[in-house]
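Dear colleague,

I am handing over the structure below, and my notes on what was found in it follow directly after.

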Amino acid sequence: MTSTTTTTTRVPGGSAPRPGARRGERAPGRPGAPGARWSSRAVANLVVALSALYALLPLLWLVLASAADTQALFASDFFDFDDFALADNVRALLAEGDGIYLRWYGNSLLYAVGGAAVGALVSVAAGYAFDKFEFTGKRQLFALVLVSVMVPATVLALPMYLLASRVAMANTVWSVLVPVLFNPFGVYLGRLFSAAYVPNEVLEAARVDGAGELRSFWSVGLRMLGPGYVTVFLFQLTAIWNNFFLPLVMLSDEALYPLSLGLYSWNAAAPINPDYYPLMVIGSLLALLPLVVAFLLLQRFWRSGLTAGSVK
Amino acid sequence: MSALAPGRARRAAAPVPTAVPAAPGRRSQRAATALLLGPFTVLLLTVFVLPTLYAVHLSFFSTSHEGLGFGNARTAFAGLRNYAAVLDDPSFVRGVGVTLLYAVVFIPAVVAGALVLALLFDSGLVRARQLSQTVLFVPHAVPGIIGTVIWLYLYTPGISPVLGALEDVSLEVDFLALDMLVPSLVNIALWSGLGYTTVIFFAALRAIPADVIEAAAVDGAGRVRTALRIKVPMIRTTLTTVVLFTTIGTLQLFTEPMLLSKATPLVGPRYTPNMYIFDAAFTRNNYGLAAAASVLLLVVCCALSYAVTRATADRSGKAGS
């Protein structure tokens, strides 16, 4: 396999075909028989279209089910718009448990937006320090960062809970907020972004102008790292919004639940009380909106993040 | 060590003189390093190092409760007994088996599916490329618990329009039957991960220099041949990284089966190793047992990433890239 690659690449745009090359095959990009070309195009588009349907149909179901009343939900009867019950469902959702849903929404926003804003800053600052400064133990510390990237959070949740109980922090906002600030992958990305976006010459110039290192970071480095910060923020926001295991372990007070845990508790109650089914559906729809909107708006950032994190 | 993106990382970070040479500000630089790195280091210690050490410590002790579990707890050194208990426990072993089966189905499915889609996107045959990729990516923005709930409804007879439609063509599928559980779980994970992985692969494919592809074309390689013989080998590092992360993801399998366990008695409370840990800690209050299982998973994660990193390094070394 490798040999084919190397021999092929060794002909840089040469027009003479190698002796071994098969002449019968068409080169890509060159117009061959129009029929064959059209059909491969059709197959490619069909495959992509089917995958897109696979991605979207469950969400479409969620939207339709959110607008259905309970009976229509169980009858999968979504197209009878006489029973358009979206407003009723929202009203029921907000009324349930004295508006506990809004409370969960607020908690999720606090954990996710607050956690991601601070966490991304901590990560990017650390990544910048790894990139720009020399210090003893740097290699070892960065190795530890990479190891911690590999360790699933679920494995550490139990000891974290026990530690938190010891210092009376379990079942507090902090027990969920502090661990989510830790984002070693963000540090890794921050280091890459710092190397790519912040030229040392600029820092040198700032230094000549008499700016201290911290000042350079705040007014020069961080500004150039803006897109990197947004990328890390976005990934962390998603991770925290999706976080389920940690709050499940840490929290017992319903008023502190994030959406994921709140919806989970309704889901557990639904088999006994079917009234929770429509609440779950509409609650789920509203709970995923912020993330979908964030991803759609910030496309170029997550794309660049995925590229930086995984390519080559 | 740099399992994530060896090439890029090395190029970006390795040349040591990258650090700004600062003649006057040695002190200021040390202070800045401490301030910029300090908060993260504190988190690293409290959220990663300390819990890890504590888990290892806990795993060597067993706690017995006097009375019916409500009396005073007595803690005693247990040596490796917790580990033996975990490994001897048929429910844990079964959980590992489920995870393996799930991994064997899921990893090839998501990797092959995403690779095919990425190659199609890269081939230039697909219309509305950006839009299609975004659409495919959207499920990744859906919280795992909500995605699972949606699919659970779609699996539930009486609610699901999918089952209804299948019944109309007299196909009866029970997604919650025993031998359908793993495929049903795989489907949820595939739905959520396919677009995400596709975007990663597509980005890697875009990074292949155009002249390499042109040279292949000149040599008379067709589209499929170019894709399989040139493009795929050239993104091998990305492939390995994705496989590694997906594997580690499968070890975390918790949310989906946890929700499934509420919907069908066929999924027990110890269906996967993570559920086993949760059950041991919070239902059985056996922290030693839970800690031992956690440490075992931790060791597997580290071993996996080490092995994969080594394998990638060796192969890319031989290929001379």
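How much area does chain A expose, and what share of it do carbon and sulfur atoms supply? Chain A exposes about 13,900 Å², of which carbon and sulfur atoms supply 65%, with accessible areas taken from the Shrake-Rupley method with a 1.4 Å probe, and for residues only the protein chains shown counting as cover.

This is a predicted model, in which local features need pLDDT of at least 70 and side-chain atom pairs count only at pLDDT 80 or more, while totals for chains, interfaces and linings use all residues. Residues are numbered from 1 along each chain as its sequence is written, chains are lettered from A and ligands numbered from 1 in the order in which they are written, and side-chain values use heavy atoms, with hydrogens and water left out.

Chain A holds 16 helices and 0 strands (DSSP runs numbered from the N terminus, helices being H or I of at least four residues and strands E of at least two). Of its 312 residues, 51% count as buried, that is, under 20% relative accessible area, with exposed over 50% and partly exposed in between. Among contacts (heavy atoms within 4.5 Å) with a separation of 6 or more, 75% come from residues 24 or more positions apart.

Two residues other than glycine have a positive phi: A:Asp98, near 55°, and A:Asn171, near 60°. A:Asp98 lies in the loop between α4 (86-95) and α5 (100-132) and is exposed at 80% relative accessibility, whereas A:Asn171, in the loop between α7 (153-166) and α8 (173-181), is partly exposed at 28%.

Best regards

Terms used
Buried means under 20% relative accessible area, exposed over 50%, partly exposed in between (1.4 Å probe, protein chains only).
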